[in-house]
Amino acid sequence: MENLEQAIQHKIDFKTKPLGSLGILESLAKQICLVQKTLKPKIQKPTHLVFAADHGITESGVSSYPSSVTAEMVKNFLRGGAAINVFCRQHQIDLKIIDAGVNFDFEENEDLINSKIRKGTHNFLHTPAMTQEELEKCFELAGKQVDIVFQNGSNCIGFGEMGIGNTSSASMLMNVLTNFPLEECIGKGTGLSQEGLANKVRILQQAKNNHPHPKNPMEALQTFGGFEIAQICGAMLRSYQHNMLILVDGFIATAAFLCAKSIEPNIQNNAIFCHQSDEQGHQRMLDFLGAKPLLHLDMRLGEGTGCALAFPLIKSAIKFFNEMSDFESAGVSNKD
Ligand SMILES: Cc1cc2ncn([C@H]3O[C@H](COP(=O)(O)O)[C@@H](O)[C@H]3O)c2cc1C
Ligand SMILES: O=C(O)c1cccnc1
């Protein structure tokens with residue numbers, strides 16, 4: 001491995017450019033080469049999975065939008081009209097929508113994968129969001145979807161989510177897994193007013209009082225949900241088993257990643273952090289992971305939009321590594 005790492009660094013350093021001048025593209029190229037154990041990195045069949053589910057905690061008024069928006073947005077995804085559809089089309093990323101637990105009976109649709117656990121989690125203010133069996137089912141179903149993507153020849157997978165109320169779950173998970181004070185883990189989500197945010201903090205504090213000590217990250221995931229976050233966590237773990245590149249975006253997907261990392265610490269070798277969300281807490285979460293995201297666009301949308309937007313940069317990192325000349329072959333003088 002040390003020899004490969006040296007060979008990669010050598011190849012980067014002898015390209016026709018001042019040493020280190022491609023900045024983060026250089027470390028990205030190196031990371032991809034190390035994951036793929038090669039001096040000829042490539043991306044094959046990039047795929048993006050959006051997991052959707054509803055959340056019982058929305059009963060307690062923690063989001064500025066009604067939970068019916070989750071199902072409405074799934075229909076929008078299927079018609080191709082959401083932000084993630086547009087950006088995936090733009091960058092030729094294969095997009096798949098997965099119903100992990102939406103509170104709606106969708107008609108059969110070949111573009112909608114049915115991984116429904118139940119029509120939304122329980123309200124974790126009172127009751128754990130899901131049972132242990134349901135959590136296990138989340139991992140099993142999501143793992144199967146990743147197996148299919150891998151068997152279709154993909155080596156690069158991005159993750160997005162849709163689920164009104166899911167910033168609340170993500171905040172609770174962040175609090176348990178990082179130990180940052182709960183209030184610092186809670187943000188405005190889809191755009192709460194100051195008053196709405198104060199209510200969200202109050203509700204989540206009560207939830208914490210009701211479930212003070214999850215024994216481990218899996219119990220935290222079971223307690224605070226949701227089905228899409230648990231499925232993303234399971235899907236990330238399976239992607240790592242297949243040695244795929246894992247694109248991580250946004251507050252909610254990064255919370256799922258925190259859970260995955262607590263089970264498999266080495267998963268971070270394969271993770272590319274795509275965008276830092278404007279949601280309060282995301283920066284701290286990324287700092288906690290020691291992660292440096294590629295983009296800072298002040299977005300706070302989710303759906304994995306940051307993965308699709310960062311994708312051209314990932315391709316550029318591979319392109320310069322594979323295609324740029326070195327000093328010798330180009331007849332350019334290197335510094336003494
Ligand atoms: C129209 C619409 C499209 C979205 N796409 C993603 N989200 C994002 O917002 C939700 C989380 O925020 P909160 O916890 O405040 O409900 C998630 O569904 C997330 O994916 C959306 C939200 C809305 C309203
Ligand atoms: O960062 C995110 O993923 C996010 C933030 C706010 C609302 N929905 C998603």
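Which residue stands opposite N114 in β3? In this predicted model, the answer is D99, and that pair is a good way into the strands around β2.

**The strands around β2**

Strand β2 covers residues 94–101, and 6 of its 8 residues are buried. Its pairings with β1 and β3 are set out here:

| Strand pair | Sense | Bridges |
|---|---|---|
| β1 (residues 47–53) and β2 | parallel | 7 bridges |
| β2 and β3 (residues 112–114) | parallel | 3 bridges |

If you would like a landmark on the β1 side, look for F51, whose bridge partner in β2 is I98.

**Around ligand 1**

Now turn to the ligand. The shell around ligand 1 has 17 residues, and S63, T167, G189, T190 and G302 come nearest. By type, the shell divides into 9 polar, 6 nonpolar and 2 charged residues. At least two shell residues each come from α3 (68–79), β4 (156–162) and α6 (166–178). Helix α6 gives the largest share, with 3 residues.

**E303**

One more residue deserves a visit. An unreviewed UniProt entry annotates E303 as "active site". You will find E303 in the loop between α11 (282–289) and α12 (305–323). Is E303 buried or exposed? E303 counts as buried because 28 other C-beta atoms lie within 10 Å, and the cut-off for buried is 20 or more. Leaving aside neighbours within four places in sequence, E303 is in contact with V50, A82, A83, I84, G160 and M162.

Technical notes. Residues numbered from 1 in each chain as written. Chains lettered and ligands numbered in written order. Predicted model: local features only at pLDDT ≥ 70, side-chain atom pairs only at ≥ 80, totals over all residues. Buried ≥ 20, exposed ≤ 12 C-beta atoms within 10 Å, placed from the backbone. Helix = DSSP H or I, 4+ residues; strand = E, 2+ residues; numbered from the N terminus. Pairing = 2+ DSSP bridges. Near = placed C-beta within 6 Å. Nonpolar A, V, L, I, M, F, W, Y, C, P; charged D, E, K, R; others polar. UniProt positions renumbered as here; feature names shortened; annotations may be inferred. Contact = placed C-beta atoms within 7 Å.
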